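Subject: Structure handover

Hello,

Here is the structure I said I would pass on. Please look through it first, then read the notes below.

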Amino acid sequence: MRNKRLLTLLLILSTIMCNTAAQASVLPYHNIIPIQTSTHSNNVLILMYHLISDVPSHWSDFCISSAELEADVKLLSEKGYRFCTVSELATVSNDEKIAVITVDDGYKSDYTKILPIIKKYNAKATFFVFGGALNTPEYMSSAELLALSSNSCVEIGNHSYLLHENTIPQIRALYEDTANADSIVEDFMKNKAILESIIGKEVTSLSYPNGFHNSVVDQKLKNNGVVTTLLTQERYESVANVRQPLGRFNRGRNTVLANLVK
């Protein structure tokens with residue numbers, strides 16, 4: 001009788017574990033992991049921003065206000081973080097607290113709202129530009145991109161040419177088939193060439209739209225002049241990992257930066 005009860009208990013536990021695993025496997029963003037705020041074993045905090053707007057109806061997981069951005073930069077400065085661009089990560093030491101501000105997509109607010117705040121606090125930022133959207137409403141013009149890049153506190157990075165126009169299911173499907181690797185790399189290389197022709201500087205850092213990637217694409221990109229690639233996985237980083245795809249924390253309306261800083 002005791003053995004029968006034990007067997008029943010084991011079956012129940014097994015069912016619970018299987019159900020938990022099944023739920024985990026269908027998370028909508030398979031490349032995003034939970035924020036770990038209780039441990040700070042790595043010294044690099046990479047933050048991801050998108051649109052900055054002072055219109056409340058715009059605020060979302062991918063849009064915050066100018067005041068919130070300024071409060072973030074001020075807090076990081078007060079907490080003793082050293083601001084670096086993505087490319088500068090290869091030169092920092094393990095005993096420094098490093099903050100990396102990254103901005104995706106290339107919105108006009110990169111130039112009109114973010115740059116003045118970065119300059120005010122002697123911070124730095126890397127702006128990943130989606131080339132296919134340049135010179136369209138809400139996005140930077142080529143002239144604004146050039147003006148932005150002329151600042152020593154700014155690095156311009158690659159965010160694809162047209163790849164970002166795909167839906168999340170379409171991008172996921174592209175990366176699931178390694179036969180698409182060359183066409184994906186071609187899109188990024190086209191954007192790299194366009195950005196470099198505008199700013200007159202080499203573009204060596206890259207952020208993957210929606211974080212989707214695979215090792216084949218990543219290696220091909222790095223064989224073609226890309227040095228550092230970034231994802232959307234939310235995790236702290238170490239300078240020892242700069243040759244690998246790096247994670248970063250999305251700064252949306254519900255993110256409390258104070259929970260992430262040391």
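Which residue does the side chain of Lys 108 meet in a salt bridge? The partner is Glu 144, with 3.0 Å from N to O. Lys 108 sits in the loop between S5 and H3, while Glu 144 belongs to helix H4 (residues 142–149), so the pair ties together parts that are 36 residues apart in sequence. Lys 108 is partly exposed, at a relative accessible area of 31%. Glu 144 has 16% relative accessibility and counts as buried, because the cut-off for buried is under 20%.

Please keep in mind that this is a predicted model.

The chain as a whole

The protein chain has seven helices and 10 strands. It is made of 262 residues, and 46% of them count as buried. If you take the contacts with a separation of 6 or more, 69% come from residues 24 or more positions apart. The chain exposes about 12,900 Å², of which carbon and sulfur atoms supply 55%.

Other salt bridges

There are 12 salt bridges in the structure. Besides the pair above, two are worth finding in the viewer.

One of them joins the side chains of Glu 68 and Arg 253, at 2.5 Å from N to O. This pair links distant parts of the chain: Glu 68 is in helix H2 (residues 66–78), and Arg 253 is in the segment after strand S10 (249–250), 185 residues apart. Glu 68 is buried, with a relative accessible area of 17%, whereas Arg 253 is partly exposed at 32%.

The other is between Lys 124 and Glu 88, whose side chains meet at 2.9 Å, again N to O. Lys 124 lies in the loop between helix H3 (109–120) and strand S6 (125–129), and Glu 88 lies in the loop between strand S4 (82–83) and strand S5 (98–105), so this salt bridge ties together parts 36 residues apart in sequence. Lys 124 is partly exposed, with a relative accessible area of 23%; Glu 88 is partly exposed too, with 24%.

Helix H7

Which residues of helix H7 (residues 215–222) are buried? They are Val 217, Asp 218, Leu 221 and Lys 222. Viewed down the axis of H7, these buried residues fall within an arc of 130°, so they line one face of the helix. As general background, an α-helix has 3.6 residues a turn, so residues three or four places apart point the same way.

The buried residues of H7 pack against two helices, H5 (168–176) and H6 (181–199), and two strands, S8 (205–207) and S9 (228–230). At the N-terminal end, H7 is capped by Asn 214, which has a side-chain oxygen 3.1 Å from the backbone nitrogen of Val 216.

Asp 104

Is Asp 104 buried or exposed? Asp 104 counts as buried, because its relative accessibility is 3% and the cut-off is under 20%. This residue lies in strand S5. Its side chain is joined to that of Ser 207 by a polar contact of 3.4 Å. Leaving out residues up to four places away in sequence, Asp 104 touches Met 48, Tyr 49, His 50, Phe 128, His 159, Ser 207 and Arg 248.

Regards

Notes:
Residues are numbered from 1 along each chain as its sequence is written. This is a predicted model: local features need pLDDT of at least 70, side-chain atom pairs count only at pLDDT 80 or more; totals for chains, interfaces and linings use all residues. Side-chain values use heavy atoms; hydrogens and water are left out. A salt bridge is a side-chain nitrogen of Lys or Arg within 4 Å of a carboxyl oxygen of Asp or Glu. Helices (H or I, at least four residues) and strands (E, at least two) are DSSP runs, numbered from the N terminus. Buried means under 20% relative accessible area, exposed over 50%, partly exposed in between (1.4 Å probe, protein chains only). Contact means heavy atoms within 4.5 Å. Accessible areas come from the Shrake-Rupley method with a 1.4 Å probe; for residues, only the protein chains shown count as cover. The arc is that of the directions from the helix axis to the C-beta atoms. A polar contact is a pair of N or O atoms within 3.5 Å; within protein, one must be able to donate a hydrogen and the other to accept it, and residues adjacent in sequence count only if both atoms are side-chain atoms.
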